[in-house]
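Here is a short report on one protein model. Please read it alongside the sequence and the coordinates.

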Amino acid sequence: MASLVRHVTIDCADPHGLAGFWAQALDGTLGEDDNPGDEEAVVNSAGASLLFIRVPEGKSAKNRIHLDLQPQDRGRDEEVERLVALGATVLADRRNPDGTGWVTLADPEGNELCVERSHAERLATGAA
């Protein structure tokens, strides 16, 4: 059997704080033994497990990898608004007049992520 991805690991300054943002974003849960000030924190969700590790250096360039989120119970635009309310910022708006496209955001520590259209929105335009 091939290897499986156990976690997607993200370097950060505040593991517990950033994990809290992502737990809300993904409707996930923080690890039971994760506390403020810990060197690492994990978020478990239906789609992925994210591990946040404290590192001394700050983010200095564009991510070489990022997460693409597809909303499950709301549309893309509603999800963008929800994530911004949680502390994300819009970096690039790639939405098109025909409803296609995505929005690139940054989480509270500047890590890029994209919000794509929901499955229902994709079906509505024939792009499942």
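## Terms and model

Two strands pair if DSSP finds at least two bridges between them. Helices (H or I, at least four residues) and strands (E, at least two) are DSSP runs, numbered from the N terminus. This is a predicted model, in which local features need pLDDT of at least 70, side-chain atom pairs count only at pLDDT 80 or more, and totals for chains, interfaces and linings use all residues. Residues are numbered from 1 along each chain as its sequence is written, and side-chain values use heavy atoms, with hydrogens and water left out.

## The four-stranded sheet

Four strands make an open sheet in the order S5-S8-S7-S6, with mixed pairing. Its edge strands are S5 (67-69) and S6 (89-93), each pairing on one side only. Neighbouring strands are turned by 30° against each other on average, direction ignored. For such angles, axes are lines fitted to C-alpha atoms (for helices over the stretch in contact), and values run from 0 to 180 degrees between N-to-C directions.

S5 and S8 run parallel and share three bridges. Leu-67 has Leu-113 as its bridge partner in S8. S7 (residues 103-106) and S8 (residues 112-115) are antiparallel, over four bridges. Here Val-103 is matched with Val-115 of S8. S7 and S8 form a hairpin with five residues between them. In the turn, Gly-110 has a positive phi of about 95°.

## Cover on the sheet

Helix H2 (residues 76-86) lies across S5, S6, S7 and S8. The helix runs at about 150° to S8. S8 is covered on both faces: Glu-112 and Cys-114 are buried on one side, Leu-113 and Val-115 on the other. Buried means under 20% relative accessible area, exposed over 50%, and partly exposed in between (1.4 Å probe, protein chains only). In a regular strand the side chains alternate between the two faces of the sheet.

## A loop against the hairpin

Lys-59 sits in the loop between S4 (49-54) and S5. Its relative accessible area is 40%, so Lys-59 is partly exposed. Beyond neighbours within four places in sequence, Lys-59 is in contact (heavy atoms within 4.5 Å) with Glu-109, Gly-110, Asn-111 and Glu-112. The C-alpha atoms of Lys-59 and Ala-41 are separated by 18 Å.

## The nonpolar core

A nonpolar core is a set of buried Ala, Val, Leu, Ile, Met, Phe, Trp, Tyr and Cys residues joined through side-chain atoms within 4.5 Å. The largest one has 20 residues. Those with the most contacts inside it are Trp-22, Val-43, Phe-52, Leu-83, Leu-105 and Leu-113. S1 (8-12), H1 (15-25), S3 (40-44), S4, H2, S7 and S8 each give two or more residues. H1 provides the largest share, six residues.

Not counting residues up to four places away in sequence, Val-43 touches ten listed partners, among them Ala-19, Trp-22, Leu-30 and Phe-52.

## The aromatic pair

The structure holds one aromatic pair. Phe-21 and Trp-22 meet edge-to-face, at 5.5 Å centre to centre and 90° between the planes. Rings of Phe, Tyr and Trp (its six-membered ring) pair if their centres lie within 6.5 Å; planes under 30 degrees apart count as stacked, over 60 as edge-to-face and the rest as tilted. Phe-21 is buried at a relative accessible area of 5%, and Trp-22 is buried at 2%.
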